Structure formats: C-alpha cells, structure tokens
Amino acid sequence: MQFIDLKTQYTLLKEQINSNIQTVLEHGQYILGPEIETLEKQLADFCGAKYALSCASGTDALVLAYLALGVKPNDVIFTTPFTFFATAETIAILGAVPVFVDIDPRTFNMDPAKLALAIEAVEKNDPSIYPLPKTDKALNPFAIVPVDLFGLAADYEPILALAKKHNLKVIEDTAQGFGAKYNNQTCGSFGDIACTSFFPAKPLGCYGDGGMCFTSDDKLIEILRSLRVHGQGIDKYNNTRIGINGRMDTLQAAIMLPKVAIFPEEIEKRQCIAEIYTKNFNTCKELTTPLIPENCTSIWAQYSLLAENSSKRAHIMSALQKEDIPSVIYYQKPLQMQEAFSDLAYKAEDFPVSNDLKDRIFSLPMHAYLKESEQKKIIEIVKNNL
Ligand SMILES: Cc1ncc(COP(=O)(O)O)c(C=O)c1O
C-alpha cells in the first residue's frame, strides 16, 4: 500500500500530462514559458489572491517572502516548532531569529494565546513571560509565520489581530494547507505573502521541486518578481537588489496544469476519507482524532492520530508495517530539539505540547485514491492493536 499514491493520479492524467510535456519540448521556452503564467493565474484565482509568483520550491518561496518584506539580522519571526524544518531554516539563513510558539494539542497549529505571550516576552525581553532563544543581541519583533499544518488553516482571526496590534508582518506557510478554508477564505490568501510547496507528495504537487508565493500587494509582487531573478531591474543586465535564481521550470508548470483541474475534486475525496477515519476512531478512547474547527475545512495533507503513549504508538505502527501498510511520524523532533538550532538554547520542555505530541503522533495513508477496502484494512488493524 502507498502512503501517498502518485501513480494512480498519473495514470488518470497521463494523456494530458504527456501532451503538455511534449508542447513544452516543442516550444522550447523552458524558463518562464507560457505555462508558468497560466499556472500562476489559475492558482491566484483559486485562492483569491491578486498575484501568484511561481518559484523553485516551497523553501525558496519562504526565502523570497522574507527578503521581499525586508527581514534583517536579529529580526524576530514567530513560528511554530511543530513543522517541517524549512519554515524556520529560512528564517535563520537570513540571520533573523526564529522564536517558537507552541501549538494547540487538537489542531496542531500555532496557539494564538501563546503567541500573545511570546510577543510580550520579546517586547519586554523577559523570558519569564514565555521561553525565548538565548541571545545577547537586541531582538526586534518583525513577523509571524503561521503554518497550516497537515492541511488545516492556522487560527487566522486572532493571529492577524495580534499582527495588527504589534505591527508585525504575516507570512502564511501554506505548504501543507493550500486550498483549505478558514471562515470561507482560502489558504494562500492570508497575510502579506503566502508561500506554498509543490513537492510531489503535497496535495497539489509537481514532478520535482516547485513552489509559489501569493500576495495581493502591487508593490510586493514587483519586488518578488525581481528577487526571483537575481534582483533584476528593468532588464537582465540591471540588478537593483540582491536576489536568487528561484524560478520554477516551465515543464513543472505544464505537468501541474491537469492536476490543478482536478484538485477541488481530489480535496473532496480526501475529506471523505478523513471523515471515515474520524468516524471510526472517534469511538476509541485510546486514540485522539484531529480536530477541525467549525469555521475551517482541511485539505488533509496528513491524517494524524494521537496514541496514548510512545509504546502504544510503536505497537500500532509495527502492526501496520507487518501488513505492508506505511505510517509516518510527523514530527519526531520538534524544531527546538534540532541540532541546527542548538545555538538558540531552547529546551525540549519549553514547548510542552510539541514535546508531548512528538511521542504520540502518527499519520496514516492519505490520498484521493485510497480504496475503500484499503481504508477498511487500515482501520481494522489500528483498532485491533490499541
Ligand atoms: C510546512 C512546510 N514548509 C515549507 C516546506 C518546504 O517546501 P519545499 O520542500 O518545496 O522546499 C514544506 C515541505 O515539506 C513544509 O511542509
């Protein structure tokens, strides 16, 4: 059984994908060809942002966003420690400082009440209010990066209110949540800039690396466009700022176009599968199912459950493995525990929810083509091994 089945989707879209690839090979515009603009327009319309800018990966999308907003060394960017490494790596590589904010144990997303404390702690330089990284430099609060983890929108209403109150930028990391809804607004349209990833295993993926920034700000899109091509000015021999080579290949855009057409339908299929999982596991007192708040929908990048403790989780996962069913732990090591962030001198217990969840969480196979019989088998094995 596949954890994420890309082959079935390819079989379904084969003719169109192959023909789109052929078209690119024939027109030969491998860099910023016409398919790029079509994809950008379609996805901006899809999420309700005014502009989209494709780029080489979700990681580059974050780098471009931070650069466009003018992040400087020692600027603080608040984000969650329960996310993929790239969310905070891109902060650190620019010399800014990630300040971690623990998550809500049921949604796995940034807890706005803790965000308020973290902002106050930085403003007053007082780690007794909320754990802060060790540094002798003066920290300047700059931005918040909410992550739409596992496909669920972060809690934007209170987060955007805090950003406004404290004059902070917001960069939405929607690498896992692009297309989810919060109060009927689509992920990809929150904050000053939103960033997503088209890594193949994402709900909307390409066949290599790819990503996208979204914004509705006329000035920011111009800066992003320039940054994507070495800080280009009026033409390629004029460079007005330091940028990167962050373009997405035309071939990847061509591959994605047929996928975009069926994306809404695939989201619905994922939602049906998640509903069946939850209906079945909600009756098990040994498991905690993911909570989707009433004002939200998830695109279910992952379906994650909590076991009672690490040995019970290990037992369930090994029972699944014996039947050739993959399950994965996202995330075994919250970011405060990553060696690469050891200079921040955080302790694992600084973020007790993330620290607890790392021992109990596990994700089950989730994709639009999961068969009823496969799901039945997964549910049965999990339930028989609680
Ligand atoms: C939350 C999050 N942010 C950023 C990224 C980085 O995206 P990419 O792998 O396309 O660079 C990912 C990818 O896994 C992610 O899950």
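Two strands are said to pair if DSSP finds at least two bridges between them. In this predicted model, strand β8, residues 193-197, satisfies that condition with β9, for the two are joined in the antiparallel sense over four bridges. Within this pairing, cysteine 195 has cysteine 213 of β9 as its bridge partner.

Strand β9 also pairs with β1, which spans residues 51-55; this pairing is again antiparallel and extends over five bridges. Here tyrosine 51 stands opposite threonine 215 of β9. In general, the strands of a sheet pair through backbone hydrogen bonds, in either a parallel or an antiparallel sense.

The surroundings of β9 may be considered next. This strand comprises residues 211-215, and five of its five residues are buried. In a regular strand, side chains alternate between the two faces of the sheet. In β9 both faces are covered: Gly211, Cys213 and Thr215 are buried on one side, and Met212 and Phe214 are buried on the other.

A further sheet, an open one of three strands, follows the order β7-β6-β10 with antiparallel pairing. Its edge strands are β7 (185-186) and β10 (296-297), each of which pairs on one side only. Strand β6, residues 181-182, is joined to β10 over two bridges in the antiparallel sense, and lysine 181 has threonine 297 in β10 as its bridge partner.

Attention now turns to the helices. Helix α3 (residues 58-69) and helix α7 (residues 218-228) have axes that come within 9 Å and cross at roughly 125°. Because of this angle, α3 is oblique to α7. The crossing of the two helices is right-handed. On the α3 side, the contact is formed by Leu64, Ala65, Leu67, Ala68 and Leu69, which meet Leu220, Ile223, Leu224, Leu227 and Arg228 in α7. The residues of this contact divide into nine nonpolar, no polar and one charged.

Helix α3 appears again in the environment of helix α4, since it is among the elements that cover the buried residues of α4. Helix α4 spans residues 86-93, and its buried residues are Ala86, Thr87, Ala88, Thr90 and Ile91. Besides α3, the covering elements include the strands β2 (75-79), β3 (97-100), β4 (140-145) and β5 (169-173). After α4 comes glycine 95, whose phi is positive, near 85°.

Notes: Residues numbered from 1 in each chain as written. Predicted model: local features only at pLDDT ≥ 70, side-chain atom pairs only at ≥ 80, totals over all residues. Heavy atoms only, no water. Buried < 20%, exposed > 50% of the residue type's maximum accessible area, 1.4 Å probe, protein only. Axes fitted to C-alpha atoms, helices over the stretch in contact; angles between N-to-C directions. Parallel < 35°, antiparallel > 145°, perpendicular 65-115°, else oblique. Left-handed = near helix turned anticlockwise from the far one by under 90°. Contact = heavy atoms within 4.5 Å. Nonpolar A, V, L, I, M, F, W, Y, C, P; charged D, E, K, R; others polar.
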